[in-house]
Structures are given as structure tokens and as C-alpha cells.
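This report walks through pockets, strands and ring contacts. Keep the sequence and the structure open while reading.

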Amino acid sequence: MIVVAGEALIDLVPRGAGALAALTPALGGGPFNTAVALGRLGSPAAFCSRVSRDGFGEALLDRLRESGVDVTSVQRGDEPTTLAVATVGADGSAAYSFYVEGTADRLFTAPEALAAGARAVSFGTCSLVLEPGASAYEELMRSASAQGVFTALDPNVRAGLIPDPDAYRARFRSWLPSVSLLKLSEEDARWLGGSPREWLTAGPAAVVVTRGGDGLTVFTRTGEEYAVPGERVRVVDTIGAGDTVNAALLHGLAARGALSDEGVDALGAEGWTGLLGFAARAAAITCSRAGAEPPYAHELEPKGV
């Protein structure tokens with residue numbers, strides 16, 4: 001079981017040009033997208049969050065169930081669902097404005113234990129920024145790591161939600177001793193400061209940096225560096241691409257029996273290039289569709305994982 005901890009929200013995606021283009025609601029949130037992608041790839045997955053009882057919340061849970069994701073650990077609340085208004089650039093890249101005050105997901109409280117059989121847990125995005133939930137997710141991250149659970153982090157920085165960037169950067173560094181796999185975009189890496197080699201000394205077994213259409217690079221604590229190119233595709237938008245990479249990496253590590261720091265250390269050139277290539281193919285399919293629509297396992301055949 002791979003547990004994904006974090007927010008589920010509604011993306012309001014423009015259908016047309018200009019500031020007053022019609023907005024279409026789409027199911028989203030980085031952790032939510034990662035959980036859906038894991039389920040579609042065939043990994044046993046569970047979602048750990050707090051979701052509204054409103055209509056949007058019900059739709060979010062329905063999508064998770066349809067994707068084969070266990071939702072028994074999801075907390076519920078009467079507060080509204082968080083909204084994210086997306087702006088899509090000419091190159092398909094997405095930027096967001098958030099409506100988060102008084103919403104259900106930020107009132108998450110840390111559970112006493114992860115879902116039974118949890119082998120890995122993934123964190124990231126808004127859930128690690130918005131209090132009081134951020135401290136609860138942080139508590140869960142530290143406790144899972146202390147129990148030997150493989151822990152993945154994608155900060156997926158939303159700068160507009162971070163009132164004190166320096167404080168957040170310091171908090172990010174404090175998480176690294178509890179992280180097995182750090183995945184982040186080039187843009188996030190620049191915003192956070194530091195370098196993969198610096199972050200590796202703090203705890204992670206590997207750091208994966210995504211470079212959009214240029215592909216992915218991994219840096220390992222054993223000193224290796226491997227890169228693969230991106231898959232060429234007609235980009236509709238990039239919503240959910242990074243979340244698909246998260247899921248593909250975790251799914252591929254599980255398939256290789258490598259959901260441990262020692263397993264990551266043992267992957268080598270063939271293991272890493274195969275895993276990164278799989279993640280690049282999965283992300284490319286997501287980019288070819290409007291909104292966060294990660295692929296199913298059969299869409300990645302015959303190469304598979």
C-alpha cells in the first residue's frame with residue numbers, strides 16, 4: 001500500500017482566452033492527482049486527507065474510488081472545498097490563485113497510524129503550507145519516517161500561499177532528514193535555493209529534478225547522476241504532470257522492490273534510466289490531455305514499467 005497524504009481541491013480551468021474566459025471545474029490538488037495516478041497505474045493506494053462534505057468533496061471521493069484508491073482514512077468536514085483558479089500560458093504551463101480560507105482540507109489532523117500495510121507515504125503541495133493542517137502533515141511525515149516507512153516529498157511550491165519564504169525554506173530543509181525520495185521541478189529548486197547534492201547530505205537517498213519537456217535527472221547519495229529526455233507530445237496543458245511523475249516513480253520503485261533507502265541505492269544505471277523513462281512517458285500522456293488526467297497502465301504498454 002502506498003499512502004498519499006495531502007489536499008484534494010477543485011481546479012477552475014479557463015476554457016478560452018482572456019481574464020474573463022469561462023471556468024470549468026476540474027478535480028485536482030497535487031496529492032489527489034498523485035493518488036489517482038497510482039490507482040490508475042495499478043498500485044494499491046490509499047488517500048489520507050480531510051475532504052469537504054459538499055458536492056465537490058463527494059466528486060473528489062468518487063474519482064478516488066473509481067481509480068481504485070482506498071478512502072477509508074479520509075476525514076470529513078462541513079467546511080467548503082478549496083478552490084484553485086488556473087491560468088494556462090501559451091506553452092501549456094499553469095499558474096494558480098487559491099481560495100483557501102476556512103476550507104475543509106486545512107483542518108486535517110494527524111491519524112494515530114497509517115493505513116494497514118503502508119510501505120510508502122507521499123507528501124507535498126499546499127498541505128505543507130496551510131496551517132493548522134501543515135503541522136499535522138509534518139507530524140505524520142516525521143512519525144512515518146521514524147517507523148521506517150519510505151517517505152516521498154514533492155514540495156510543488158505555490159509561492160502565492162507562502163507569506164514568509166525564508167521561513168518556509170528553513171522548514172523545507174528541516175523535513176529532509178525524514179525524506180527518502182525528494183522530487184521537485186527546476187523552478188522549485190531555484191526558488192528553494194541549495195542544490196541536489198546539498199539536499200542529499202541532509203537525508204534523502206535520491207533527488208529527482210524534473211525539467212519539463214527536457215526530461216528528468218536523478219542525483220543519488222551514492223554519487224550517481226542519470227538523466228533521460230522528455231517524451232515529445234503535443235502539450236494541451238501541464239496540469240498534473242509533476243503529480244504523475246510522483247506516482248510513476250513510486251509505482252516503479254514498488255515494482256522493483258525498491259521502496260527503501262537501500263533499494264534506491266541498489267538501482268544503478270539501468271534501474272534508474274528505466275524508471276525515469278517510465279515517468280517521462282506517463283507525464284507526457286498527462287500533458288496531452290486537458291486537466292489532470294493521468295494514464296492507465298495499459299496506455300504505457302508495451303514498454304510498461
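## Second largest pocket

The second largest pocket is lined by Pro-14, Gly-16, Ala-17, Gly-18, Ala-19, Ala-21, Leu-23, Val-85, Ala-86, Thr-87 and Val-88. The model is predicted. The space in this pocket comes to about 170 Å³.

Strand β8 (residues 83-88) is the top contributor to the lining of the second largest pocket, giving four residues. Which classes make up this lining? Eight residues are nonpolar, three are polar and none is charged.

## Strand β2 and its partners

The strand β8 also pairs with β2: three bridges join the two, and they run parallel. Within that pairing, Ile-10 has Leu-83 of β8 as its bridge partner.

With strand β3 (residues 23-28), β2 shares six bridges, and here the run is antiparallel. Val-13 faces Thr-24 of β3 as its opposite residue. Strand β2 is mostly covered, with five of its six residues buried. Strands of a sheet pair through backbone hydrogen bonds, in parallel or antiparallel fashion.

## Largest pocket

How much space lies in the largest pocket? The volume is about 1,300 Å³. Its lining counts 50 residues. Nearest the centre of the pocket lie Ser-185, Glu-187, Thr-238, Ala-241 and Gly-242.

Several elements give two or more residues to this lining: β2 (9-14), α1, β9 (94-99), β12, α5 (186-192), α7 (241-255) and α9 (268-287). By class, the lining of the largest pocket holds 21 nonpolar, 16 polar and 13 charged residues.

## The nine-stranded sheet

Nine strands form an open sheet with mixed pairing. Their order is β6-β4-β1-β10-β11-β12-β13-β14-β15. The edges are β6 (69-70) and β15 (225-228). Each has a single partner strand, so one side of each lacks a neighbour in the sheet.

Inside that order, strand β12 (residues 181-185) and strand β13 (residues 206-210) run parallel and are joined by five bridges. Ser-185 stands opposite Thr-210 of β13. Ser-185 also appears among the residues nearest the centre of the largest pocket.

## Aromatic contacts

How many aromatic pairs does the structure hold? There are five. One of them is Phe-32 with Phe-47: the ring centres are 6.4 Å apart and the planes meet at 85 degrees, so this pair is edge-to-face. The pair links distant parts of the chain, 15 residues apart. Phe-32 belongs to helix α1 (residues 30-41), and Phe-47 to strand β4 (residues 45-48). Buried or exposed? Phe-32 has a relative accessible area of 1% and is buried. Phe-47, at 0%, is buried too.

Next come Tyr-168 and Trp-175, with ring centres 5.7 Å apart and planes at 80 degrees, so that pair is edge-to-face. Tyr-168 is buried at 6% relative accessibility, and Trp-175 is buried at 0%. Ring pairs join Tyr-168, Trp-175 and Trp-191 into a cluster. A charge adds to the picture at Trp-191: the charged end of Arg-169 sits over the ring, 4.2 Å from the ring centre.

Key
Residues are numbered from 1 along each chain as its sequence is written. This is a predicted model: local features need pLDDT of at least 70, side-chain atom pairs count only at pLDDT 80 or more; totals for chains, interfaces and linings use all residues. Side-chain values use heavy atoms; hydrogens and water are left out. Rings of Phe, Tyr and Trp (its six-membered ring) pair if their centres lie within 6.5 Å; planes under 30 degrees apart count as stacked, over 60 as edge-to-face and the rest as tilted. Buried means under 20% relative accessible area, exposed over 50%, partly exposed in between (1.4 Å probe, protein chains only). A charge sits over a ring if NZ of Lys or CZ of Arg is within 6 Å of the ring centre and within 35 degrees of the ring normal. Two strands pair if DSSP finds at least two bridges between them. On a 1 Å grid over the protein atoms alone, a cavity is a set of points where a 1.4 Å probe fits but cannot get out, and a pocket is an open set with protein on both sides within 12 Å along at least five of seven lines; lining residues have an atom within 4 Å of a point. Grid points are joined across faces, edges and corners, and a volume is the space filled by probe spheres set on the points. Ala, Val, Leu, Ile, Met, Phe, Trp, Tyr, Cys and Pro count as nonpolar, Asp, Glu, Lys and Arg as charged, and the others, Gly among them, as polar.
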